[in-house]
Amino acid sequence: MLQHLELYSGIGGMRIGVRAALPPNIQHTVCSIDINRTANHVYNYNFEDCARSKSIEHCTLRDIDIGQQRWQGEQAFLLWTLSPPCQPYTTTSNSKQQDIQDDRASSFSHLLRLLPQMPCPPTHLLLENVPAFYGSRSYQHWRKVLLDLGYHMFDVALCPSQLGMPHRRPRHYTLARLLRNRPGSEFSAAAIEKLQQLSHATAGAQHGCMAGFQAQQLQQYLVLNWSQYSQPLQHCDPEVQQQVQRYALPTDRVARYYKVLDIVTPQSKQSNCFTKGYQKSILGCGSYLMEGAAAQQLCEQDSRGRWHFTQDPYQQSSADESSATNNSNQLAMELPASCENAAVEAGRHRLECQQAPAMRIRAFTPREVANLQGFPASFSFPADVTDRQAYALLGNSVSIDAVTYLAKLLLEDVIASV
Ligand code: SAH
């Protein structure tokens with residue numbers, strides 16, 4: 001039996017990844033804690049046992065000491081998974097990197113104070129965070145507490161692209177097993193070898209597939225297919241028109257950012273990490289998709305498989321507007337950012353109506369992002385959760401494939417116990 005305390009549970013990525021690592025005959029009971037209401041709403045919608053809505057810095061020893069009475073006398077294991085907030089460590093342009101001084105790191109520091117006081121500390125620990133967590137002062141505190149308590153720990157970097165997923169989400173993971181008073185609980189030589197291959201020293205530049213995995217294309221993770229709609233938008237079904245309104249990038253934004261847009265096609269074998277601001281801000285928050293012939297016509301692929309515009313889409317804009325509107329197969333990116341007058345707006349609106357969905361650049365839908373992060377088909381968002389909320393929750397979550405891969409190594413003694 002595996003008891004699992006899922007701290008910072010979000011939408012439950014850790015529990016899904018851990019469950020997938022376990023054979024069906026191992027009982028897996030989960031308690032989870034998170035402070036975010038929307039995350040807990042999604043969690044409760046998907047899992048029978050509800051997430052506890054509580055701030056971790058206010059948890060007492062009793063709150064986190066799950067099931068200790070229940071496992072007296074039987075062989076039971078206790079796993080903690082933790083994804084503490086990453087903002088104190090992220091290296092994005094406007095982050096302050098205040099590390100342990102950041103208020104958002106205080107709940108993690110609190111847990112590190114409670115852990116040594118536990119009568120039955122967890123037998124297994126799995127922590128996930130951004131790569132910059134490794135080496136931070138919070139990390140040093142974490143490492144000291146674990147080593148003092150008699151854990152054997154591995155710090156690794158893993159990206160789902162190394163497991164063949166067409167998605168990049170490099171993250172730091174710590175795997176730790178309690179060895180003190182637990183004879184025979186050491187990691188096996190085979191597990192140690194695999195974990196050493198992922199150690200930070202060697203993993204830095206590795207995003208290619210590891211031996212035994214094959215790089216896959218994006219198309220099998222997609223739900224929408226706009227390549228089949230080459231007629232002008234106003235001749236498409238209302239359902240397709242709605243999809244376009246919801247997910248297509250407005251042409252003026254494309255015109256403004258075309259040089260730096262991160263574009264992939266269904267044949268690409270990669271996409272970039274979707275962060276919680278996806279679609280709110282279109283730069284640096286994840287990839288966008290071109291499905292039809294447009295990518296081949298207007299872009300070229302570099303040696304790393306990324307697509308770039310070969311021509312300035314503004315040049316098309318200087319062409320006569322009526323000829324552009326008459327040509328439904330032309331990507332309409334004719335609006336200089338500065339032209340905001342009503343006539344231009346109206347022209348843009350006409351062009352957007354004319355433009356075929358097959359020629360549009362679009363966002364991945366939340367379901368497609370979930371697919372790329374390895375969420376199973378059984379996972380879903382309640383109808384009252386907006387796209388923005390779903391992107392934010394997925395952006396905070398984990399790669400299920402990476403968690404499962406590591407959980408199999410971390411929990412091999414649990415798996416072998418049945
Ligand atoms: N692994 C999770 C997401 C972790 S993101 C998943 O699969 O979805 C970090 C989470 O920590 C967020 O959901 C956030 O709401 C939660 N959190 C942040 N500070 C917290 C605190 N002090 N107490 C409880 N939860 C907290």
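1. Which polar backbone atom lies 3.2 Å from a nitrogen atom of the ligand? In this model, which is predicted, that atom belongs to Ile 35. Taken as a whole, the protein covers 89% of the 570 Å² of accessible area that the ligand has on its own.

2. The oxygen atoms of the ligand also have polar partners, and both side chain and backbone are represented: a polar side-chain atom of Asp 34 is found 2.7 Å from a ligand oxygen, while a polar backbone atom of Gly 13 is 3.0 Å from an oxygen atom of the ligand.

3. The shell around the ligand consists of 19 residues, and the closest of these are Ile 11, Asp 34, Ile 56, Glu 57 and Ser 397. By class, the shell comprises ten polar, six nonpolar and three charged residues, with Asp 34 also supplying the side-chain contact to a ligand oxygen described above.

4. A separate point concerns helix packing. Two packed helices are described by the angle between their axes and the distance between the axes. For helix 6 (residues 189-197) and helix 16 (residues 400-410), the axes come within 10 Å and cross at roughly 145 degrees, and the crossing of helix 6 past helix 16 is left-handed.

5. On the side of helix 6, this contact is made by Ala 191, Lys 194 and Leu 195, and on the side of helix 16 by Tyr 405, Leu 406 and Leu 409. Sorted by class, the contact between the two helices has five nonpolar residues and one charged residue, with no polar residues.

Notes: Residues numbered from 1 in each chain as written. Predicted model: local features only at pLDDT ≥ 70, side-chain atom pairs only at ≥ 80, totals over all residues. Heavy atoms only, no water. Near = heavy atom within 4 Å. Polar contact = N/O pair within 3.5 Å; in protein donor to acceptor, adjacent residues only side chain to side chain. Areas by Shrake-Rupley, 256 points an atom, 1.4 Å probe, with all protein chains shown as cover. Nonpolar A, V, L, I, M, F, W, Y, C, P; charged D, E, K, R; others polar. Axes fitted to C-alpha atoms, helices over the stretch in contact; angles between N-to-C directions. Helix = DSSP H or I, 4+ residues; strand = E, 2+ residues; numbered from the N terminus. Left-handed = near helix turned anticlockwise from the far one by under 90°. Contact = heavy atoms within 4.5 Å.
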